[in-house]
Amino acid sequence: MEYKNPLGVDIDLETGVIPGAKKLVRRLSDLKGYFVDEKAYEELLKENPVVYEVYAVEQEEKDGDLNFATTVLYPGKVGREFFFTKGHYHSKADRAEIYYGIKGKGGMLLQTPEGKAEWIEMKPGTVVYVPPYWAHRTVNTGDEPFIFLAVYPADAGHDYGSIAEKGFSKLVVEENGEVRIVDNPKWKE
Ligand SMILES: O=P(O)(O)OC[C@H]1O[C@H](O)[C@H](O)[C@@H](O)[C@@H]1O
Ligand SMILES: [Fe+2]
């Protein structure tokens, strides 16, 4: 039997960086079609800011193993909508996931394939359990980077298709200085 080596790494709790992890950068241009306000999107695209970065430590896609990743989600808005991650179902849809808030303020939007949505606020120390079959997207509702850790089965995979096409049934927006969860006018079942 060949055994893998155990691993301990220290997350930088200020920056979210995991030493030695694979870094992924998503700019606004990678999120075309995701925000409802297309005019505001085109306007901000001139700057094309980084929306989030992911530091991932991933294993081969085998059942039983685990991946983990931090995400640094920057503050910002497109129109009234707060910056968010793309959001996905798992390719193996019955795979669950755990998130843990490290820094900043935000939340997670979750949704079943039928479009039933839930919003869970997150701050440092919040644990979110993402059950099997739920799509999940994180949102930064604050004015500093929102940083969190995620732990997920190595064979879960990312299924972006339906969210990229239809989005979530709810939007997370700012209204009169407050965070509001509102119906997505472009949502189609
Ligand atoms: O893949 P996105 O929906 O853009 O979310 C960004 C990332 O967030 C977390 O770190 C998850 O653990 C990753 O699996 C995911 O890739
Ligand atoms: Fe996931």
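In this predicted model, strands S3 and S11 run antiparallel to one another and are joined by eight bridges, one of which sets Val-72 opposite Ile-147 of S11. The two strands belong to an open sheet of six strands, ordered S1-S2-S3-S11-S6-S9 and paired in the antiparallel sense. Strand S1 (22-27) and strand S9 (127-130) each have a single partner strand and stand at the edges, so one side of each is left without a neighbour in the sheet. From one strand to the next, the twist averages 20°.

The shell around ligand 1 consists of Val-54, Ala-69, Thr-71, Thr-85, Lys-86, Gly-87, His-88, Ala-150, Tyr-152 and His-158, and the elements that give two or more residues to this shell are strand S3 (66-73) and strand S11 (146-153). By character, these residues divide into four nonpolar, five polar and one charged.

His-88 also appears in the UniProt record, where an unreviewed entry places the feature "binding site" at His-88, His-90, Glu-97 and His-136; these positions are spread over 49 residues of sequence, yet they cluster in space, with a largest C-alpha distance of 11.8 Å.

Two of these positions can be followed further. His-88 lies in the loop between strand S5 (81-82) and strand S6 (97-103), and it is partly exposed, because 18 other C-beta atoms lie within 10 Å, whereas 20 or more would be needed for a residue to be buried. His-136, placed in strand S10 (residues 135-140), is buried, with 23 other C-beta atoms within 10 Å. Leaving aside neighbours within four places in sequence, His-136 is in contact with Gly-87, Glu-97, Met-108, Leu-110 and Val-130.

Methods:
Residues are numbered from 1 along each chain as its sequence is written. Chains are lettered from A and ligands numbered from 1 in the order in which they are written. This is a predicted model: local features need pLDDT of at least 70, side-chain atom pairs count only at pLDDT 80 or more; totals for chains, interfaces and linings use all residues. A residue is near a molecule or strand if its C-beta atom, placed from the backbone, lies within 6 Å of it. Helices (H or I, at least four residues) and strands (E, at least two) are DSSP runs, numbered from the N terminus. Ala, Val, Leu, Ile, Met, Phe, Trp, Tyr, Cys and Pro count as nonpolar, Asp, Glu, Lys and Arg as charged, and the others, Gly among them, as polar. Two strands pair if DSSP finds at least two bridges between them. Axes are lines fitted to C-alpha atoms, for helices over the stretch in contact, and angles run from 0 to 180 degrees between N-to-C directions. UniProt positions are given in the numbering used here, feature names are shortened, and annotations may be inferred rather than shown by experiment. A residue is buried if 20 or more other C-beta atoms lie within 10 Å of its own, exposed if 12 or fewer, and partly exposed in between; C-beta atoms are placed from the backbone. Two residues are in contact if their C-beta atoms, placed from the backbone, lie within 7 Å.
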